[in-house]
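Please open the model in your viewer and keep the sequence panel visible. The tour below proceeds by selection, with a short account of what is found at each stop.

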Amino acid sequence: MTENIIQTQGLTFQYSKNRKVLDNVSLNIPKGSIYGFLGPNGAGKSTTMRLLTGILPEQNNAISIFGQPLQSQLPHVFDNIGALVESPALYLHLSGYNNLKYIAKLRNIPVSKIDEALALVDLAADAKRKVKGYSLGMKQRLAIAMALLSEPQLLLLDEPVNGLDPNGMRDIRQLLVKLNKEKGVTIFVSSHLLAEIERMCTHVGIISKGKLQFEGTIQELAKKSGLCRVQLTLKDAALWKDRLLPDYPDTELESSGRLMLELHNREAIPAFTKNLINQGAEVYEIKILNGLEEWFMELVN
Amino acid sequence: MQNFTTALKAEHIKKSGTGIYVLSVLMGIAIPIIYAIVLLVQSEPASPADIVPYNYFNRVLDDVLEAFATFFFPLLIIITVSRITQLDHRNGGWQLMETQPVTKASIYFSKFTVLLISNTIAILSFILMAYICSGLLFSIVDLPKAATFSFEFGFVTQLFFRLFLAALVITALQYLISVLIPSFVWSILTGFVLLITYLFLYGFNVVPDWYPIRFLGSVAKHIKGSDLGYWLTYSEIAALLITLIIVYIGFNWYRHKSVKQAFFTKKRLAALACVLLVIALPLAWLLMPKTMDAYSKTIVSGTIDTKDNVRNIYILGFFIDDTIAAIPIVNNAFHYEIKQDIPADIYRLILDEANVGNVFFGKNDSINIAFKKNKAALDGKITGTRLAESQYKDENKRSYSSVSYYLQENIYIDNVDFITEQITNEWKEKMEESSKFKTADNHVPRPDFVQSNKKAVTITYLNYWQDFLKKRRAMFPGKATKESADIAYMKSTVPLDDDSMLSNEDYFKYVKVSYIENNKADIDESTKALKAIAALKPGTFKDKMLYWQLKTSVKDASAKSQRDNLIATYAPQFGNAKYQKLITGIGKTLSNLDKGMVAPAIAATTLSREPFALENFKGKYIAIDVWATWCAPCREESPYFDKLAIKYKNQPVQFVALSTDRRIDDWFVDATQKSKSVLQVHADNEKVFSNDYNVEFIPRFILIDKEGKIVNSKMPRPSDATFEQVLRQQLNLGDEK
């Protein structure tokens, strides 16, 4: 059995008597994972994040981190945790370098580490500039650098790519994957973007309306999402529709050269393709239409 | 602890570039610099009068302290607290800090410490700049010789700590608000409201003891600190205790994020109750006004810090100047036990010949007086069991009254309602003031003093009412003046037969008027009063009333016969022979000064240090100008006197200027520069001379004839043409054409 770095047992939180923001949420974040915490806005992601960091005092002692109750470890547990909550918490009147120096001082980290962290997030050239003049992406990267400075075992990141352009998103994604691979950092990252999570995470938890709807590996997620919908571009589509209809009853003609149909799963694609070619079809393209997206939408609504 | 120092160092990285400490320095030095500039621009030459030696640096500190302590310093605190907390509110810093391995205590108190450092910097800059500016002024501005300049380390250190402690309350309070409320508007707004409300309350003298800025105001008001020798006053200790409460609440509120979480779980509620109880009890005790306990004996003691030669100190009763005690001064100190049973009252202090002030005390009081004396200048500080009473009297010596002004100028005499309201309101205000007074150590006057003081205040205002009635009768004879319920109440609190109050002349006046106001006979007021007093039943009250009135009547009598008649009629009315003797004595002194009587001898010394005597001028008239260097009206009259001396140089008349200065040195410098036509002399014994010639006020002018007999012992002033007319008449010169 894998060791869990974060574990919550029936985490419940309510601001007022009648409305539970979190209802019996049990999370298991295995060591070495990149855990994507997924949910629409207002589902309870930020509350969970604030509870996990102790910013919000918990109401039922449900959280344990590194195998110990969180409450008993505050605040020294942060020696091993880098956190980025409500991004980006930066001192705008200070330079990027001084922001890191401030964290270094608080965490008793040698100043020499600062340059390393700056290089890691590609901000070395802008270190002396005041953060006031940084772009959103640079601020986000600096905030991550601040979270990484102490080389923590665990990173808690709340919407780290929120508001970034696709390039920025990719940079951060690559950075996180690299950290996870090279340094074995466990990363807990929250997001409302399914695609982002799908691309980098090893584990996923999906929350909606304060309840955990799914938790598992990314593979389990794919399985759970069920049938695989494919888009087929081929010659004489209308003809092929009639031929396929007996075996695949939900085949539709999308346009003159394009069909849509459902297979049982991804694994059925190679055999299906082979069969089609053998029957003489002239296939231009076979594309998987993400069933996950629809499944996810269904789950959270 | 290590966690805290780490957090504190990190705070300093965070605040770099914000100029927070620079602002502390600027706010500290602003007032001393402004003060120095103003003083340089409107620099005045030093007054030539004697002064008690003082440290100029301390004087400047005193001058600038209030503006710093009650405005610039709190303003700085309000701004700095807001800036320090906004650094984190604006940038999401609170959450960032809470996700670092630092305790919430370190976070909260490291920021608070930055504020305390800022306060320290401001106070030190203030003191240092006051030192620099006063040093500069000391070398540039014209100051009296007695002014010195030194840095009294003990005093300055004490002042620093007192300011530091006094500033804690407003700092902690603003910090609490600023941490909890992310918007800077609220903290700034509450800060300014506190500041402005203070100025407002201060104007009305109703600042409560616990008001956050009052602690600073108290340091400014009592710059010298405790009168009882404590290093801190009750106000600073109260500030510290209140700060502990605020910090406890502020920190727990911050730590647990909500009031409910912080204080309303069972355990935390108990903790809060404990803290409040432990702090509130001593706090309540501290803030409760105290009175001094009576002593087992009646003691008068003290010291005199002077280079002058001092011999005796006398304590006189106020009413008839009877000597209660004559105390020898040994090695500039005195100590005396009064064995007789003296009533609590105001007594007069005489140092050798000079009147040096009044003191309120009575049986079983121990009074200590620390005098500082430099020639004519004298400063006395009274401590002991009547400390609060003495300070109250000092502080309320000069108080403005608009009613008194209206009556003097005959304004609004037609408006009964308005004057009645003014009298009532002012009276109420003064009555309240007298119960509000506190010393630096939270002592209040004892009830006996408060009672007698309240009576005195009431009498003052009843006298205004009586004056008003009198003016109404004269100006609007036909119109009635209705007495309001308040006036009636005031009257009901003052009995008309309290002889313990008769040392107060106002009370005598009040009682007198009540005797004569309904007497419509066509005789003068004094006669009416005497008749009424004579009709009283015998006793001390009658004796005292009669003494007041008879003394005035005798002195005012225009002729010897009238005077003798008064004494013959009323002196036997006294029950106590003491008063009879005193009145007879006054009558005799006055008789000696009647026209044609041989002028009492005058012992004096000339500028060439030779003895002066009236006999030396037999065959010549002698015109005497009695004056002193400190007497401004005397200086106004002198030129007229000099002019006449020159004009009548060739006539058989000697003009003499007789100085009653206590110190011959003072006179010498002035007199050598005066007209040579006037003989300048200095009275050897001012007290004897004043007694013999019944001198109550100067300037006083006396004319003596060729045989050494009095022509007029109370001549008109030489600025008045009558003076010259009388002189010409005596010299048989006839009227000038």
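**A helix and its cover**

In this predicted model, begin by selecting helix 2 of chain A together with its surroundings: helix 3 (112–120) and helix 4 (136–148) of chain A, along with helix 1 (2–14) of chain B, are among the elements that cover the buried residues of helix 2. Now hide the cover and look at helix 2 itself. Its 12 residues, 96–107, should span 16 Å at 1.5 Å a residue, and the C-alpha atoms at its ends are 17 Å apart, which agrees.

Is this helix enclosed or open to the outside? Since 12 of the 12 residues of helix 2 of chain A are buried, the helix is largely enclosed by the rest of the structure. A residue is called buried here if 20 or more other C-beta atoms lie within 10 Å of its own. The buried residues include A:Tyr97, A:Leu100 and A:Ile103, and also A:Lys101, A:Lys105 and A:Arg107. Step next to A:Asn108, just after helix 2, where phi is positive at about 55 degrees.

**The two domains of chain A**

Colour chain A by its domain assignment: domain 1 covers 4–223 and domain 2 covers 226–300. The C-alpha centres of these two domains of chain A are 39 Å apart. Where they meet, 9 residues of domain 1 of chain A are in contact with 5 residues of domain 2 of chain A. To see the domain 1 side of this meeting, select helix 6 (194–200), strand 11 (203–208) and strand 12 (211–217) of chain A, the elements that each give two or more residues to it. The residues on that side comprise 5 nonpolar, 3 polar and 1 charged.

**A residue in strand 14**

Move to A:Leu253, which lies in strand 14 (residues 252–255) of chain A. A:Leu253 is partly exposed, because 14 other C-beta atoms lie within 10 Å. Which residues should be displayed around A:Leu253, leaving aside its neighbours within four places in sequence? They are A:Ala237, A:Ala238, A:Lys241 and A:Leu259, with which A:Leu253 is in contact. For a distance across the chain, draw a line from A:Leu253 to A:Ala195: their C-alpha atoms are separated by 27 Å, and the two residues are 58 residues apart along the chain.

**Chain B**

Finally, colour chain B by domain: domain 1 (2–223), domain 2 (299–395), domain 3 (405–510), domain 4 (519–587) and domain 5 (604–730). The centres of domain 4 and domain 5 of chain B, taken over C-alpha atoms, are separated by 33 Å.

Note on methods:
Residues are numbered from 1 along each chain as its sequence is written. Chains are lettered from A and ligands numbered from 1 in the order in which they are written. This is a predicted model: local features need pLDDT of at least 70, side-chain atom pairs count only at pLDDT 80 or more; totals for chains, interfaces and linings use all residues. Domain bounds come from an automatic or database domain assignment. Two residues are in contact if their C-beta atoms, placed from the backbone, lie within 7 Å. Helices (H or I, at least four residues) and strands (E, at least two) are DSSP runs, numbered from the N terminus. Ala, Val, Leu, Ile, Met, Phe, Trp, Tyr, Cys and Pro count as nonpolar, Asp, Glu, Lys and Arg as charged, and the others, Gly among them, as polar. The expected span of a helix is 1.5 Å times one less than its number of residues.
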